[in-house]
Amino acid sequence: MDSPVQATAFQQCTRWDRSLPVRLLFGVNDPKLDDNGGMWKFRVQIYKASVSATNAMDRCSRGAPASSPGDRDELVSVWGKEAGSFPSGPNPGNVLAQGNVVRIIPDLRSTITIDYWNNWVYPNGNLLAAPPSGWPYPELFQFSAVLRFNNNPGGWVGPPAQATAFGGCMTWTDSRPVRLLFGVNDPDVSDNSSSQYPGAPSWKFRVLVYKS
């Protein structure tokens, strides 16, 4: 059913909206497996549905364009030195309301630079969990893209999360509407790429919101 996806892209609640029941099969994207070892661990949680899927979830699950009245489809750029936001702007308002469905598609080939252009970094950073101290977002990947939901002007809603973990369709269930703020898990962003320099690289995230 559908194409292969990153196994790490489902850390948020995602609704299965197809009529056929399925099993989940995990694999490794490696052309040569015979010299591999070790083991990854994934905790899978399934909550039995009690209501039918909303129209917004149905459209998102089918990959339909986010083009109905109230929908949003926007490309967000995140530089190494500057936070990105959805919607864009210096102080954006709230756009994701209760019942809406959001999907965030990262361009995993996009990069930023750190250490004065000496290192190019992808959205998942170096895939190593940041230690408890000395990093803005402990336990999230070092030098990775981080996403926070923020109610304007009420404040943060929920904990920080990997920005690449929202590849599935997620219903926003909190009563507080929010905006999406992206950042970099780097204790020193002063030597990172910036929009002030023409041609500077940035991470790209496509944000789709389906209005319920």
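These notebook entries record what I looked up in one predicted model.

**Entry 1: the largest nonpolar core**

I began with the interior of the model. The largest nonpolar core holds 28 residues. Within this core, I104, F149, L180, F182, F205 and V207 touch the most other members. I then looked up which strands contribute. At least two residues of the core come from each of β1 (72-78), β3 (101-106), β4 (112-114), β6 (145-151), β7 (155-162), β9 (179-184) and β10 (203-210). Strand β10 gives the largest share, namely four residues.

I chose F182 for a separate look. Leaving aside residues up to four places away in sequence, I found that F182 touches V76, V78, A83, G84, S85, I104, V146, L147, A163, F205 and V207. Apart from the largest core lies another one, made of eight residues. Its members include M57, C60, C169 and L208.

**Entry 2: the disulfide**

Two cysteines of that other core, C60 and C169, led me to the next search. How many disulfides does the structure hold? I found one. A disulfide is a covalent bond between the sulfur atoms of two cysteines. Here the bond joins C60 to C169, with an S to S distance of 2.1 Å. I noted that the pair links distant parts of the chain, since C60 is in helix α1 and C169 is in the loop between β7 and β8 (170-171). The two cysteines are 109 residues apart.

Is the disulfide left-handed or right-handed? The torsion about the S-S bond of C60 and C169 is about -90°, so the disulfide is left-handed.

I also asked whether each cysteine is buried or exposed. A residue counts as buried when its relative accessible area is under 20%. C60 has 2% relative accessibility and is therefore buried. C169 is buried as well, because its relative accessible area is 6%.

**Entry 3: salt bridges**

I next turned to charged side chains. The count of salt bridges comes to seven, and I examined three of them in detail.

The first entry in my list is the pair D71 and R59, whose closest N and O atoms are 2.6 Å apart. This pair links distant parts of the chain: D71 is in the loop between α1 (55-61) and β1, while R59 is in helix α1. Twelve residues separate them. Both D71 and R59 are buried.

I then looked up E74 and R72, whose side chains meet in a salt bridge at 3.6 Å, N to O. E74 is buried, because its relative accessible area is 18%. R72, at 30% relative accessibility, counts as partly exposed. I also recorded that salt bridges with shared partners join K32, D34 and D35 into one network.

Within that network I examined D35 and K32, whose side chains form a salt bridge of 3.7 Å, N to O. D35 has a relative accessible area of 53% and is therefore exposed. K32 is partly exposed, because its relative accessible area is 44%.

**Entry 4: a nonpolar surface patch**

My last search concerned the surface. Which residues make a nonpolar surface patch of about 1300 Å²? I found M1, W16, L20, V22, L24, F26, V28, L33, W40, F42, V44 and I46. I followed up V28, which has its place in the segment before α1. V28 is partly exposed, because its relative accessible area is 44%.

Technical notes: Residues are numbered from 1 along each chain as its sequence is written. This is a predicted model: local features need pLDDT of at least 70, side-chain atom pairs count only at pLDDT 80 or more; totals for chains, interfaces and linings use all residues. Side-chain values use heavy atoms; hydrogens and water are left out. A nonpolar core is a set of buried Ala, Val, Leu, Ile, Met, Phe, Trp, Tyr and Cys residues joined through side-chain atoms within 4.5 Å. Buried means under 20% relative accessible area, exposed over 50%, partly exposed in between (1.4 Å probe, protein chains only). Contact means heavy atoms within 4.5 Å. A salt bridge is a side-chain nitrogen of Lys or Arg within 4 Å of a carboxyl oxygen of Asp or Glu. Patches are made of residues with over 30% relative accessible area and no salt bridge: like charges are joined within 9 Å, nonpolar side chains (Val, Leu, Ile, Met, Phe, Trp, Tyr) within 5 Å. Accessible areas come from the Shrake-Rupley method with a 1.4 Å probe; for residues, only the protein chains shown count as cover. A disulfide is a pair of cysteine sulfur atoms within 2.5 Å.
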